[in-house]
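Reader: Could you walk me through some side-chain contacts and surface features here? I have a few questions ready.

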Amino acid sequence: MVLYNFKKIQVVPTSKDFIDIVLSKTQRKTPTEIHKQYAIGRIRSFYMRKVKYTAQSYHEKLTQIIGDFPLLDDIHPFYADLINVLYDKDHYKLALGQLNTARNLIDNLSKDYLRLLKYGDSLYRCKQLKRASLGRMCTLMLKQGPSLQYLEQVRQHLARLPSIDPNTRTLLLTGYPNVGKSSFMNKLTRANVDVQPYAFTTKSLFVGHTDFKYNSWQVIDTPGILDHPLDERNTIEMQSITALAHLHSCVLFLIDISERCGYTIKQQVDLFFSIKALFLNKPLLVVLNKIDARKPEDVPEDDWNLIQSLADPARGGIGGTQLIPMSNLTEEGIAKVKETACSILFEERVEKKLKSTRIEKEIHRLHLAQPQARDKKVRAPCIPDSVIAAARQAEMDEESDYKKPILTPAMMEMIEEAENDEKYAQGIIPIYDVNAWKKKYLLKNDEWKFDIVPEIINGQNIADFVDPDILKRLEELEMEEEAFLEELKNAEDDEESDLDEENEALYNEIQEKKHELRVNHQIKDSSKPQLSKGRRGIDTKEMASHLKSMHHEDDEIDEIIESVRERSKSRISGKKRSRSTSRSDSQGPTSQERGLSMNRSQSRQRSTTRIASPAPGEGFHDLAQKEKADKLDKHSRKKRNQDGRKGESDRHIYNLMPKHLFSGKRSGGTNDFR
């Protein structure tokens, strides 16, 4: 359970923001209109109310700030010393004391000016007194600017502190920098502490939680400590010293026996003896880390004797200290360290509770009931044979699982790297193999590793719908079909035909032709538009009536029809014609002579793609009908192509004249009502 929630502390404004908040609130919450012809009592109460409300607002805001910050004398000693280490206790108390003094001065100022306002004899004098009182209050708050700024920085840092419960079950990790404390923290808990191969990666306290015997355990990762006097230690190291001094926990002192951390075993042992006073009256466990890089039996004898001295009271060590080897990389020994640390801390807490005076007061309430035998008859327990057999089988499975070596992912990776190195040494380049990958599967039964993984679609296994004899059955069906066709052919040969040989040959030729047409029809591309046979092109009568409706004279109509007829003939014959002189020289007057308007685009010769003559089966009677169909097709695709170039960002007004703006009866006057 968390004792203090520093995240609830409200934001501390700067001195200028503080003044703006209070004065704007006074302006909003009090009357703002006064006249000199009002009675003098009304004028006095108007300005007294403003002074009183401003002083009350300052008092409430300052009281809120002072009350939110914890008092060092009232909180747990661990938090009190941690605040002293991080923020300097004297500076912290001085800032809160200055705000408390400012609050009292503002209260006294408001009393003094309220007393003067009682005797104000005019609106001008009351206004000046009000102005002087508010000005002096604001001047006082401006002087508190540095204190407010310091407290805001403290509030931001307090909100980032981890939530540590000093009274719960706690495991505390300590030791030199870069010995593996953060890595062990990540393996043991669900925390995600940054791990880097250099010293002082961890610069503050980190908290994680783990479970053991249905209880939650608090694990604290502390920054590394160096072996020098207490007054020379910096803020980062003092956080670890504070946690060791005030938290009753099981201390795990980590030693890097591989010396890869940059410190020798002798230096690490000297650090243990220099902070040994912080370990007294606490369960202690010495963890020998990084045994994957250096085995304990490979440690030199002198260094090993130094490590053994940590548990020897005769040589200055602490009696009862256990030495446990461990590796964060291969995860060897992590479970043992966790179990041992939690067990000794649990036993120590139970023993401490039994020795407390509270147990002596409450022990008389407990009564252990022991049943008495009612007769001399023996009543043996009745256990079914199936239950006994299941229990024996479970014991056998546990024994087999215990005998089977347990390989962690890191150990498997190391074994695989060793195998690849051997292959490289032999000149063999490893190739990806599915079966080799399946060997890494961690299954209860090794025979399951190479089973075929089922393919599931829509909740159905594909293998359930696949017949392994599908090819054999297909072959049987084909043979049956061939036999049936042969039987039909023999039956047709047996039947007597009324046709003679000539008609029979003609009949066979017709059947082959039908088959050929059917196949060609299936192969032919039918995606092109086809017109019905009843659809014809425009004739001369329709053209003449249309030109008359356009107010053309009869001579002009005959010339246009004749030119169209010649052009269609030239297209059919495939001859090229010149458009420049055919109509201007031989056909009489030009379009300008006839009075027809011709713009620049119409006078320019167009380079159009010539459409091929319709092939049989396309559904067109002639080339004109095919050209018209092609033109209609292009026209129908025009709007689609235009819309296809539009995007979401294109501005488009779909309705230029909405009905609700341009319909209905309008009143007299202008229409520019929008």
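Reader: Does Lys355 count as buried or exposed, and what is its relative accessibility?

Author: Happy to help! This is a predicted model, where local features need pLDDT of at least 70, side-chain atom pairs count only at pLDDT 80 or more, and totals for chains, interfaces and linings use all residues. Residues are numbered from 1 along each chain as its sequence is written, and side-chain values use heavy atoms, leaving out hydrogens and water. Buried means under 20% relative accessible area, exposed over 50%, and partly exposed in between (1.4 Å probe, protein chains only). Lys355 therefore counts as exposed, with a relative accessibility of 62%.

Reader: Which residue forms a salt bridge with Lys355?

Author: A salt bridge here is a side-chain nitrogen of Lys or Arg within 4 Å of a carboxyl oxygen of Asp or Glu. For Lys355, the closest N and O atoms of the pair are 3.3 Å apart. The partner is partly exposed because its relative accessibility is 43%. That partner is Glu351.

Reader: Which helix holds both Asp270 and Lys266?

Author: Asp270 and Lys266 form a salt bridge, with 3.3 Å between the closest N and O atoms. Asp270 is partly exposed because its relative accessibility is 30%. The two residues sit four residues apart, about one turn of the helix, in residues 265–274 (helices are DSSP runs of H or I, at least four residues, numbered from the N terminus). That is helix 9.

Reader: Are Glu237 and Arg233 buried or exposed?

Author: Their side chains meet in a salt bridge, at 4.0 Å from N to O. Glu237 and Arg233 are both buried.
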